[in-house]
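Let's take a walk through a protein structure together. Have a look at the model first, and then we will go through it step by step.

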Amino acid sequence: MDVSIDFAGLKLKNPILTASGTFGFGLEFKRFGDLESLGGIVVKGLSLKPREGNPMPRIAETPCGMLNAIGIQNPGVEEFINKKLPKLPWKTLPVLANLYATDAAEFGELAGVLAGEEGVAALEVNVSCPNVKEGGIAFGQDPRQITKVAEAVKKNAGNKPVIIKLSPNVTDITVCAKAAEDGGADGLSLINTLSGMAVDIERRTPRLANVIGGLSGPAVKPVALRCVYQAVNAVKIPVMGLGGITTAEDAAEFLLVGAKAVQIGTGNFLSPDTAFKVAEELSKVLERVKAESIDEFIGSLQLPK
Amino acid sequence: MSANNCRAVKVISNKPLGLSSPGEEIVELKLEYPDWKPGWRAGQFVMIRPISWPLDLVWGRPFSICNADETSLTILFQVVGRGTARLLELKEGDEVNIWGPLGNFFSKPQNRPVLMLAGGMGIAPFCGYVDSHPQPENLKLFFAHRPPLENYPYKGISGKVDVEDIRETKPTDIPAIIARVEELVKEYADNDGLIVACGPTPFLKTIWNAANKYGADAELSLENRMACGVGACLGCVCKDGDDHHTQVCTTGPVFKANNLSLEG
């Protein structure tokens with residue numbers, strides 16, 4: 001089955017992308033599969049200047065999930081453009097840049113730096129990182145800020161689609177989804193991590209130096225599905241779903257509730273070829289459940305009467 | 001490096017060494033050789049996640065390569081948490097996913113004396129190091145350990161190179177270990193030797209401090225919690241010599257002492 005889709009003007013050969021922060025700059029995974037077999041990759045979050053990130057320990061494994069407080073460690077947007085991007089097969093692989101900044105103006109500036117980069121297919125805007133003191137989740141919880149950031153990025157993004165990545169750590173995800181749409185976003189991605197915590201009773205310490213981190217992995221999948229379902233029904237722009245996807249069946253669940261594409265995040269840590277396998281197997285799963293086409297399957301959830 | 005460098009291999013054997021008592025086992029896990037081309041180098045590591053693991057164990061686990069030949073790959077582990085407790089349950093014929101070899105490796109200089117400093121499980125990479133070194137007569141091992149020697153793959157090394165060991169049975173033994181490590185580091189620094197080290201962080205800190213003090217050429221293999229092992233998650237960073245975060249999995253696990261900061 002042909003599983004190609006159009007997402008906010010992006011032509012994707014399949015709806016399987018890799019999530020920011022879990023796939024490096026893509027090059028790290030070349031030895032585990034053909035990058036070009038993916039629908040796209042979303043690279044590690046980028047800021048205007050390099051960031052060191054948070055102190056160690058930064059990760060903790062939890063039942064069916066993991067907590068992270070990396071803190072957007074990255075080499076800065078210039079190094080990405082000069083050293084990482086040229087090594088990626090961006091002519092045949094959509095590369096989405098993930099943007100992190102501390103206010104709307106800085107988001108706009110960062111979008112402006114990337115707007116002219118031919119190798120960047122779209123901008124994903126991180127308004128929802130729980131692991132940084134400046135900005136971070138504060139944006140993601142304030143609909144007015146989400147609109148402002150979307151406007152600032154859209155204004156400077158040239159012709160690149162702008163996708164706002166939303167936080168699940170809110171009372172009503174639909175309000176945030178609409179706020180992004182009102183700001184001119186071309187699409188949404190959700191969910192970012194859930195705010196969480198783990199402690200060590202022997203040492204009586206938190207397991208993360210940052211104390212609180214972001215929960216991801218299979219544990220968050222029901223929350224992610226619910227958020228995607230609600231967001232899809234609240235806005236007209238397309239939605240990318242992510243949160244706990246490790247198999248093609250998981251990916252199909254997100255498509256069923258209305259996501260037009262999905263991202264594999266923590267699933268890449270179960271095995272470095274997870275995303276490649278999901279991309280390879282999705283069409284078989286859709287055939288197995290007797291979908292006529294991917295377009296017919298997306299959003300075809302039958303609700304109880 | 002060929003693609004698809006993640007594959008399933010079968011367990012050949014999985015058994016505690018020596019007379020380890022339950023709960024304190026040092027276990028030798030032998031797997032089918034994953035047919036790595038062009039091969040592996042001592043100091044590199046692998047990520048292992050058994051096929052049978054359910055989703056409650058999300059990450060693979062990193063292990064230093066103890067040794068490998070054309071038919072088998074050997075790692076050592078000690079039961080310290082949920083993952084290693086489950087590894088202990090593996091039986092002959094079970095399948096594990098394995099990706100590697102990962103990271104960099106120890107140098108093997110020609111015509112220079114090499115001191116291997118191993119603390120506890122840090123002995124693992126030196127089995128392969130000794131077997132693959134072109135001049136084992138230049139090697140000396142200093143091994144600091146808690147469980148009895150029989151619980152480690154020690155015989156394979158002790159028959160081939162000059163060895164010295166010291167057992168820590170109580171906290172008051174530690175100053176003697178530190179003193180001897182410092183003495184040896186100075187001796188090898190004075191004689192233009194190379195020091196290669198692996199072990200728990202306090203042990204490595206002692207070596208790092210001594211290497212800085214005496215200007216020794218030292219390579220330290222770090223271990224850290226990892227989610228991916230391939231440089232993507234940035235969960236395993238340490239501080240480099242310029243005090244910047246750098247990944248243990250891809251910049252290391254073996255670092256030159258002068259490119260590393262173990263302060264704090």
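How many residues of chain B are in contact with residues of chain A? In this predicted model, 36 residues on the chain B side meet 35 residues on the chain A side. Together the two chains bury about 2800 Å² between them, and 59% of that area is on carbon and sulfur atoms. If you would like a place to start looking, find B:V58, B:W59 and B:H245: these three supply 23% of the area that chain B buries against chain A, more than any other three residues.

Now let's look at the polar side of this interface. Twelve residue pairs, both partners at pLDDT 80 or more, are in polar contact across the boundary of chain B and chain A. Strand β7 of chain B (residues 95-102) gives five residues to the side that touches chain A, the largest share. Sorted by class, that side of chain B has 19 nonpolar, eleven polar and six charged residues. Salt bridges turn up here too: two of them cross the interface. B:R61 pairs with A:E61, and their closest N and O atoms are 2.5 Å apart.

From the interface we can move to the nonpolar cores. In soluble globular proteins, nonpolar side chains tend to be buried together. Here, the largest nonpolar core has 141 residues. The residues with the most contacts inside this core come from both chains: A:F80, A:I164, A:L188 and A:L190, along with B:L117 and B:L220. Helix α9 of chain A (residues 274-288) gives the most to this core, with seven residues. There is also a second, separate core of 48 residues, which includes B:V46, B:F63, B:C127 and B:Y152.

It is worth pausing at one of these residues, B:L117. Which residues does B:L117 contact, once its neighbours within four places in sequence are left aside? Among them are B:F126, B:F142, B:V181, B:L184 and B:V185. The list also includes B:I195, B:V196, B:A197 and B:C198, as well as B:F203 and B:I207.

Next come the charged side chains. Side chains of opposite charge can pair when their charged atoms come close. Over all chains, the count comes to 28 salt bridges. A good one to find is the pair B:D162 and B:K140, whose closest N and O atoms are 3.6 Å apart. B:D162 lies in strand β10 (residues 162-167) of chain B and B:K140 in strand β9 (residues 139-145) of chain B, so this pair ties together parts that are 22 residues apart in sequence. Are the two partners buried or exposed? B:D162 is partly exposed, with a relative accessible area of 45%, whereas B:K140 is buried, at 10%.

Two further pairs are worth a visit. In chain A, A:D142 forms a salt bridge with A:R144, with 3.6 Å between the closest N and O atoms. A:R144 has 66% relative accessibility, so this residue counts as exposed. In chain B, B:D243 and B:K239 form a salt bridge with closest N and O atoms 3.9 Å apart. Here B:D243 is partly exposed at 45% relative accessibility, and B:K239 is partly exposed at 31%. Some salt bridges share partners, and in this way B:R112, B:D192, B:D217, B:E219 and B:K256 are joined into one network.

Let's finish with the backbone. B:D192, which we have just met in the network, has a phi near 55°, a positive value in a residue other than glycine. B:D192 sits in the loop between α4 (174-190) and β11 (194-198) of chain B, and is exposed, with a relative accessible area of 51%. In chain A, A:C64 is not a glycine either, yet has a positive phi of about 60°. You can find A:C64 in the loop between β5 and β6 (65-68) of chain A, where this residue counts as partly exposed at 27% relative accessibility.

Where can you find cis peptide bonds? One joins A:M56 and A:P57, with omega at about -5°. A:P57 is in the loop between β4 (40-42) and β5 (59-62) of chain A. Another joins A:L190 and A:I191, with omega at about 15°. A:I191 belongs to the loop between β10 (187-190) and β11 (194-197) of chain A, while A:L190 is one of the residues with the most contacts inside the largest nonpolar core.

Technical notes
Residues numbered from 1 in each chain as written. Chains lettered and ligands numbered in written order. Predicted model: local features only at pLDDT ≥ 70, side-chain atom pairs only at ≥ 80, totals over all residues. Heavy atoms only, no water. Core = buried A, V, L, I, M, F, W, Y, C linked by side-chain atoms within 4.5 Å. Buried < 20%, exposed > 50% of the residue type's maximum accessible area, 1.4 Å probe, protein only. Helix = DSSP H or I, 4+ residues; strand = E, 2+ residues; numbered from the N terminus. Contact = heavy atoms within 4.5 Å. Buried area = accessible area lost by both parts, 1.4 Å probe. Salt bridge = Lys/Arg side-chain N within 4 Å of Asp/Glu carboxyl O. Polar contact = N/O pair within 3.5 Å; in protein donor to acceptor, adjacent residues only side chain to side chain. Nonpolar A, V, L, I, M, F, W, Y, C, P; charged D, E, K, R; others polar.
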